[in-house]
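Q: I am new to this structure and would like to learn how to read it. Could you walk me through some features step by step?

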Amino acid sequence: MPTEGGRVRDALVPAVERLPELLYRGPMEPERPLTAASSGAPRVSGYDRASFEDGELAWGTDVVHPADRETAWAAIEEAVEANESYDVTYRIVTAAEETRWVRDRGEGLADGTLSGYVEDVTRLKQREERLAAELDETFERVSDAFFALDDEWRFTYVNERAAALLGRDVDELHGADVWTEFADADAFRREYERAMATQERVSFTSYYEPLDAHFEVSAYPSETGLSVYFRDVSERIERERRLECHEAIVETVWDGVYAVDENEEFTLVNEAYCDLLGVEREEVLGKSAAAVVGDGVAGAARRFTEEMRAGEREEATISFAIERGDGETRQVEVRFGPFVDGGRVGVLRDVTERRQRRRQLRRQRERLRGLVELYDVASDVSNAAVEQTTRAAIEERVANGLCGGPYASAWVGRSTGTDVTRVATAGSGDAPDADDSLVRTALEEGRVVTTTGPGADGTGRASARSDGGDGTSAGAVPISYEGGTYGVLVVLADRPDAFGTAERTVLERLGQTVGHAFAALDRRAALVSDQVVQVEFRSRESADLGVQSDAGRFRFERTVTTGDGEYVHYVRVHGLGRADALAAFADAPGYDGARVVEDEDGVLVEARTADAPITAAVTGHGGRLRTVRFGTDGVRLTAEFPQGVDLRTATESIREVLPDAELVAQRSMSRDDTDAPRADVLGRLTERQRAAFEAAYYGGYFEWPRDSTAEELAGAMGVTAPTFHQHLREAERKLLGGYVE
């Protein structure tokens, strides 16, 4: 009678025989011989079970595909040694020589055998390969780079785009460890590990230095690995960086920068633009251009933009005035151009100060042009004034010359104190009258006085008149020389700011040149005049005469003007010895290089000085200082002036030096009564020639033996010896010619 176990086994055998899989048992050897095989052997391999059980065939050497034998056996052996079940998929070659895929699952038994079963998975494998191919095709169509990692950080898939961005081959990366291949990707590793730990998607952008690229990454985790999508965004990052840089530049430039779209609405304005308009940024963005800058400006900008799009113009600039939010009006200039896709961009600049500078430069150019004209006219007038033989001719030449140049009108007046008589007039215009405060101030203070119009530098003192008329300015120039004032020159300019510092300097020198010409005429008249006026003054201010002495009589034989603002005096000293006479000049301030020329009939001293106020006061009115005598009651000085000189003005000039000077005597004398008769021919000599001749004469150059050498006289006059000889020879030629002609 069968046992219970036998009945169960008998019941299972038919069921096992009907299974499609091959159930087997056999020793654990690489050849894999099977000592028992189920009826599924033909369905799996095409061989009957008896072929395996009789030992005709070995599963490992006769059925398993040659390419998979080693890897399949290695996987089984590794699992058995680890006391684990094995599960291996590999290929076999059937009895019909077909290659099919099988899945072999089993375990190692304690008796050293293997027990398992093999199932045909060819269809499943083909479906997986088909799905993998479809998946590969799908991944390759993805524009982003993509790769997949398993839970051990090995590449299981890499598409072509990813391989290209990473600079690797697909086959090179497949199965490789990501952190071995990309050891410097620390930032990426932290994010990937975070995704796997949290099982949540991560997205980030990071720079990978070995590839010098920025990547934007999205990583999707699962229990079996990580799917990573990424793209190279280096260009975008660089573009954003440039945009940020440009934005920083736009915000830091002083000019206003703006952009409007195709609908004429503001899309961008910088802070400078808002500051210029005196508004907030929110008040401009989104608003129409017409609402911000007005219909006229917006319309012109739109029209010019279309012309630029059509190639009809290269650039466009519009100037206009804007009223800021605080009520201030500013002059602005906008330069703009079109966007490629519509709208325009422009730069708004505040040109208020620039326009003011332009106006100022224009006025400066006008002043410079007037100054150049004045230089030319002053030079011509100066040369002409020296050539004239009468004061009236000089006055007419000066007035006409200035009126024909930079001034609308000019006139010359003669003065007695502050009383002025107009004697020569040229041009037309509302020039100040003779009794105008401008004229009186110029004479009283002895300087150029001008009116100050808009834009002038203001260094001239304005008279009671605000200017010379509407849009004009006026100036008064004293005509003086060496302390003597002969009159005044008044000019009217049709510019409100005509008299800058340089122009006043030229006018001042012109007044001195004309004054010098008048003084030369007076001196010439004194030389050739038959009559002279001799005056005597008394003063207790002896120190102001320059000579330091309590005794003696000083007769100024001749004072020679060197032409450089210096004088050479020849003084005959009576009542003092040679040493005391020299000491009187040596101790006096201002004298330089005093020497004794001769000591017969008193001591003749030659002394040079750069400051001779009394001499200048006398010679400035055409006279000469004759004698200076010191006594217990002070000092007495005698001077001679040509007939007709204004003695009142001359006395005022002397009293400017010696305030207590008192006129004690005045008498007219004929030329025969003077100490040194002179021929009319002296009037032919120039200033330099007469100075050289007088220095030679009074310095004893014509004596024998000579009291002075040419070198000594040249040194006293501040010229070279050849120059002194040249002037002296020309003077001698003219003087001798006057007798032989």
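Q: Where is the place of Ser85?
A: Helices (H or I, at least four residues) and strands (E, at least two) are DSSP runs, numbered from the N terminus. Ser85 sits in the loop that links helix 5 (69–81) and strand 3 (86–93). A word on the source: this is a predicted model, in which local features need pLDDT of at least 70 and side-chain atom pairs count only at pLDDT 80 or more, while totals for chains, interfaces and linings use all residues. Residues are numbered from 1 along each chain as its sequence is written, and side-chain values use heavy atoms, with hydrogens and water left out.

Q: Is Ser85 buried or exposed?
A: Buried means under 20% relative accessible area, exposed over 50%, and partly exposed in between (1.4 Å probe, protein chains only). With a relative accessible area of 55%, Ser85 is exposed.

Q: Which residues does Ser85 touch, not counting residues up to four places away in sequence?
A: Contact means heavy atoms within 4.5 Å. By that rule, and leaving out residues up to four places away in sequence, Ser85 touches Ala79, Gly106 and Glu107. Ser85 and Arg105 are 20 residues apart in sequence, and their C-alpha atoms are 7.3 Å apart in space.

Q: Arg105 has come up now; which residue does Arg105 stand opposite in strand 5?
A: Two strands pair if DSSP finds at least two bridges between them. Strand 4 (residues 99–108) pairs with strand 5 in the antiparallel sense over seven bridges, and Arg105 stands opposite Tyr117 there. Strand 4 and strand 5 form a hairpin with four residues between them. In its turn, Gly112 has a positive phi of about 85 degrees.

Q: What is the order of the strands in the open sheet that has strand 5 in it?
A: The order of the five strands is 2-1-5-4-3, and the pairing is antiparallel. Strand 2 (36–37) and strand 3 are at the edges with a single partner strand each, so one side of each has no neighbour in the sheet. Further in, strand 1 (residues 22–27) is joined to strand 5 (residues 113–120) by six bridges, running antiparallel. Tyr24 has Gly116 as its bridge partner, and Gly26 has Leu114. In a regular strand, side chains alternate between the two faces of the sheet.

Q: Which strands does helix 5 lie across?
A: Axes are lines fitted to C-alpha atoms, for helices over the stretch in contact, and angles run from 0 to 180 degrees between N-to-C directions. Helix 5 lies across strand 3, strand 4 and strand 5, and runs at about 160 degrees to strand 3.

Q: What is the order of the strands in the open sheet with strand 7 in it?
A: This open sheet has five strands in the order 7-6-10-9-8, with antiparallel pairing. Strand 7 (155–158) and strand 8 (202–208) stand at its edges, each with a single partner strand, so each has one side without a neighbour in the sheet. Direction ignored, neighbouring strands of this sheet are turned by 25 degrees against each other on average. Helix 10 (residues 186–198) packs on the sheet, touching strand 6, strand 8, strand 9 (213–222) and strand 10, and its direction makes about 165 degrees with that of strand 8. Strand 6 (residues 145–150) and strand 10 (residues 225–232) pair over six antiparallel bridges, and Asp150 stands opposite Gly225.

Q: How should I read a positive phi?
A: Most residues other than glycine have a negative phi. Glu97 has a positive phi near 65 degrees, though it is not a glycine. Glu97 lies in the loop between strand 3 and strand 4 and counts as exposed, at 68% relative accessibility. Glu264 also has a positive phi, of about 65 degrees. Glu264 is in the loop between strand 11 (256–260) and strand 12 (266–269), and is buried, with a relative accessible area of 15%.

Q: Which residues of helix 16 are buried?
A: They are Ile394, Glu395, Val398, Ala399, Leu402 and Cys403. Seen down the axis of helix 16, the buried residues fall within an arc of 155 degrees (taken from the directions from the helix axis to the C-beta atoms), so they line one face of the helix.
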